[in-house]
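Student: I would like a close look at one residue and its surroundings. Please start with any term I need, then build outwards to the whole chain.

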Amino acid sequence: METEITTKKELDHVFTVRDVSVSYGDFTAVKNVSMDMFKNNITAFIGPSGCGKSTLIRSFNRMNDLIPNAVVNGEINYQGINLYDEEVDPVQVRRRIGMVFQKPNPFPKSIRENITFGLKVNNMTDNLDERVEKALTQAALWDEVKNDLDKNALDLSGGQQQRLCIARTIAVEPDTILMDEPCSALDPVATKKIEDLMQILVKDFSILIVTHNMQQASRVSNYCAFFTTKATDDGRRTGELVEYSDTKTMFTNPSESLTEEYISGRFG
């Protein structure tokens, strides 16, 4: 029998990460990460390019399984279940832990079909119209598209497309949303809408976000993890966790000088 990933309300932690390293072949992209992330909070991953932020966050819903030479070592517990236990179904993991990518990627279908696609795959076909409306409402998009649900999603603006992708993600009722630089392709107005939306969604979901934007991390997150790169013996660079704390502490009184240098813009 497959191990069920169930929501355990008595647990405060959404993820418990212990000594996690992710490698691609003989290259270690990020190593020895240990941290606890908390339910119904926004956790931001910050750090320079190449420090393993996206690699790590994709390990939280087993997206790295889709890369043939990727190997995840260590332990990632989600709601008290080891995500990499051989009895855990990665498809179920990805339903419970949704993903929003850097570039909006709506399907070349109608707005309605974008939402119903995942619902049908997951056999959640009861009350489809209600589910579509709920997801679009939660993503703060319903009022803008309710009269155009049969419109091609590719005709929406970039910001609307990204909110549609968020609606598509939450329609299948995950517990957690991973966001890999969800605003990097958006203008400031659309970015603010996504940031405001995150503050609403965190009441119902746990959120992890990768961002290069220090101001965004300080605005939206409750906790912040700073990663950097270190040279290896063969001249390549691997990502390491430098500091992890509540966001206010990190941005006002970081414990590591390297964190202060990065946040203040002295390197990046």
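Tutor: A polar contact is a pair of N or O atoms within 3.5 Å; inside protein, one atom must be able to donate a hydrogen and the other to accept it. Keep that cut-off in mind. Note too that this model is predicted.

Now take Asn-114. This residue sits in helix α3, which covers residues 111–121. Is Asn-114 buried or exposed? Its relative accessibility is 0%, so Asn-114 counts as buried. The cut-off for buried is under 20%.

What does its side chain reach? A polar atom of the Asn-114 side chain lies 2.8 Å from the backbone nitrogen of Phe-107. That distance falls within the 3.5 Å cut-off.

Look at the other neighbours. Set aside residues within four places in sequence. Asn-114 then touches Pro-106, Phe-107, Lys-109, Ala-153, Leu-164 and Arg-168.

Move one place along, to Ile-115. With the same kind of neighbours set aside, Ile-115 is in contact with Val-132, Ala-135, Leu-136, Leu-164, Ala-167, Arg-168 and Ala-171. Leu-164 and Arg-168 appear in the contacts of Asn-114 and in those of Ile-115.

Ile-115 also belongs to the largest nonpolar core, which has 44 residues. Ile-115 and Leu-136 have the most contacts inside that core. There is a second, separate core of 28 residues. Among its members are Val-33, Met-35, Met-37 and Leu-208.

For contrast, turn to Asp-26. This residue is in the loop between β1 (13–24) and β2 (27–38). Asp-26 has 66% relative accessibility, so it counts as exposed; the cut-off there is over 50%. Its side chain still has a partner: a polar contact of 3.3 Å joins it to the side chain of Arg-236. Compare its place relative to Ile-46. The two are 20 residues apart in sequence, and their C-alpha atoms are 25 Å apart in space.

Now step back to the whole chain. It has 10 helices and 10 strands. Of its 268 residues, 50% count as buried. Take the contacts with a separation of 6 or more: 70% of them join residues 24 or more positions apart.

How does the overall size fit? A compact globule of 268 residues would have a radius of gyration near 18 Å; the chain has 19 Å, which agrees. Along the principal axes, the C-alpha atoms fill a box of roughly 55 × 50 × 35 Å. The accessible surface is about 12700 Å², and carbon and sulfur atoms hold 46% of it.

Note on methods. Residues are numbered from 1 along each chain as its sequence is written. This is a predicted model: local features need pLDDT of at least 70, side-chain atom pairs count only at pLDDT 80 or more; totals for chains, interfaces and linings use all residues. Side-chain values use heavy atoms; hydrogens and water are left out. Helices (H or I, at least four residues) and strands (E, at least two) are DSSP runs, numbered from the N terminus. Buried means under 20% relative accessible area, exposed over 50%, partly exposed in between (1.4 Å probe, protein chains only). A nonpolar core is a set of buried Ala, Val, Leu, Ile, Met, Phe, Trp, Tyr and Cys residues joined through side-chain atoms within 4.5 Å. Contact means heavy atoms within 4.5 Å. The radius of gyration is taken over C-alpha atoms; the globule rule is 2.2 Å times the number of residues to the power 0.38. Accessible areas come from the Shrake-Rupley method with a 1.4 Å probe; for residues, only the protein chains shown count as cover.
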